[in-house]
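I opened this entry to record what I looked up, element by element. The notes follow the order in which I went through the model.

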Amino acid sequence: MTTIVQISDTHFGTEQPAVVQAMEDHVREHGADLLIFSGDITQRAKAEQFAAAHAFVQRLLEHGVAQTLVIPGNHDIPLYNLFARFLMPYRNYRRHFGDDLEPTFENDEALIIGLNTTHPRRHKDGLVTKAQVQEVTQRLRETDPNKLRVVVAHQPFGAMVLSDLSNLQHNADDALHRWADEGLDLVMGGHIHLPYVLPLSKQYPGLSREIWMVQAGTTLSSRLRGTSPNSFNRLKLHAGPEKTACVERWDFLDDSFVLGSHFNLHW
C-alpha cells in the first residue's frame, strides 16, 4: 500500500497558525509515503510566503513524510508585479521548491505525474497543452498496468457545481479521452477550495474507462469557501490486477483534523 497526503491552496500569507499546527500533528501521528502539494502554495507569490511554505513542508518531512511532489498554482505567479510576472514568473517558486515544475513520483504501486497548467498570460485558468497530452499519453502507455496511474494539476478536470464549469482545465476533454485509453485512474487538483470525489464518465461521455477526480479544499488558508472547512485528502493506493484506492477527507474541527468522509474507488 502507498499512502498519500494531498494538501492544496494553502495560500501562505493567509495561513492560520492553529490549522498549520494541526496539520503537523496529523503527519507526526500518521506519516505518509508521499506529500502531494497541488498548487496555490502562496497568496501573492512573495519570497517570504514561499519561505514560510518551504519551512512548513520541511517540518512535514521531519514529522514522517517520505517524499514530496509539488506543483505551482496560479497564485504562485506574481499578479501585480508585471515585470516579474512576464519575465520571471516562477523565480520565487524555483528558489524554494526547485526548477522542476512538473515532477513525477513512481514506485512499485503507483505512477504520479505532476503537470504545470498555469501560465503568466492567463489570470487563473488552466490549460493542458497538446505537448502535455502527448507526453502523459506516452508515459501512461509505458507504465505497468497494475500500477495506479495518477495525474496532478492545479485546476480541476471535473465540476461538482455548475458555477465551477468555468474553472475547468481547457483542453480537458481531449486529454481525458486520450489518457483513459492508456489506463489513467485518477486526476487530482485544487484551485476552487471545494473538496469532492467525482467519477468523470458522466461529464465526459465516451471515456473508455472510469477516471476519478479527487479534489482538495484549502488546507490552511482563511480563504474558505462557503461551509467547507479547512481540509486535506489522505489516499491509500493498492496496486494489482484489481486496483483500489481509499480516499479520506480530513476536516479541521476543534483545533485538530478529524476524518470527515471516505470513498472506496475501484476499476
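I began with one strand pair. Strand E5 (residues 110-114) runs parallel to strand E6 (residues 148-152), and five bridges join them. In this pairing I found Ile113 opposite Val151 of E6. I note that the model is a predicted one.

Next I looked up what packs there. Helix H5 (residues 130-141) lies on the sheet and touches E4, E5 and E6. Its direction makes about 170° with that of E5.

Then I took the whole sheet. It is open, has six strands and follows the order E4-E5-E6-E7-E9-E8, with mixed pairing. Which strands are at the edges? They are strand E4 (104-106) and strand E8 (196-199), each paired on one side only. From one strand to the next, the twist averages 15°.

**Helix H6**

I asked which residues of helix H6 (residues 172-181) are buried. I listed Ala172, Ala175, Leu176, Trp179 and Ala180. Down the axis of H6, the buried residues fall within an arc of 125°, so they line one face of the helix. The general rule is that an α-helix has 3.6 residues a turn, so residues three or four places apart point the same way. I then checked the partners: the buried residues of H6 pack against H5, E6 and strand E7 (186-189). Just after H6, I noted Gly183 with a positive phi of about 95°.

**Positive phi outside glycine**

I looked up two residues here. His11 has phi near 50°, a positive value in a residue other than glycine. His11 sits in the loop between E1 and H1. Its relative accessibility is 0%, so His11 counts as buried. Asn171, also not a glycine, has a positive phi near 70°. Asn171 belongs to the loop between E6 and H6. Is Asn171 buried or partly exposed? At 29% relative accessibility, Asn171 counts as partly exposed.

**Aromatic pairs**

How many aromatic pairs does the structure hold? I recorded eight. For Phe50 and Tyr93, the ring centres are 6.0 Å apart and the planes stand at 90°, so this pair is edge-to-face. The pair links distant parts of the chain, with Phe50 in helix H2 (residues 47-63) and Tyr93 in helix H4 (residues 91-97), 43 residues apart. Phe50 and Tyr93 are both buried.

Phe232 and Phe257 also form an edge-to-face pair, at 5.0 Å centre to centre and 70° between the planes. Phe232 lies in strand E10 (residues 231-238) and Phe257 in strand E12 (residues 256-266), so the pair ties together parts that are 25 residues apart in sequence. Both Phe232 and Phe257 are buried. Ring pairs link these two with Trp250 and Phe252 into a cluster.

**Nonpolar cores**

I went to the largest nonpolar core, which has 30 residues. Those with the most contacts inside it are Ile7, Met23, Ile41, Phe56, Tyr93, Phe97 and Phe257. Strand E1 (2-7), helix H1 (17-30), strand E2 (32-38), H2, strand E3 (65-71), H4 and strand E11 (244-253) each supply at least two residues of this core.

I followed Met23 further. Leaving aside neighbours within four places in sequence, Met23 is in contact with Val5, Ile7, Phe56, Leu60, Thr219, Leu220, Phe232 and Phe257. Apart from this core I found another, of 28 residues. Its members include Val133, Val151, Leu176 and Leu207.

Note on methods. Residues are numbered from 1 along each chain as its sequence is written. This is a predicted model: local features need pLDDT of at least 70, side-chain atom pairs count only at pLDDT 80 or more; totals for chains, interfaces and linings use all residues. Side-chain values use heavy atoms; hydrogens and water are left out. Two strands pair if DSSP finds at least two bridges between them. Helices (H or I, at least four residues) and strands (E, at least two) are DSSP runs, numbered from the N terminus. Axes are lines fitted to C-alpha atoms, for helices over the stretch in contact, and angles run from 0 to 180 degrees between N-to-C directions. Contact means heavy atoms within 4.5 Å. Buried means under 20% relative accessible area, exposed over 50%, partly exposed in between (1.4 Å probe, protein chains only). The arc is that of the directions from the helix axis to the C-beta atoms. Rings of Phe, Tyr and Trp (its six-membered ring) pair if their centres lie within 6.5 Å; planes under 30 degrees apart count as stacked, over 60 as edge-to-face and the rest as tilted. A nonpolar core is a set of buried Ala, Val, Leu, Ile, Met, Phe, Trp, Tyr and Cys residues joined through side-chain atoms within 4.5 Å.
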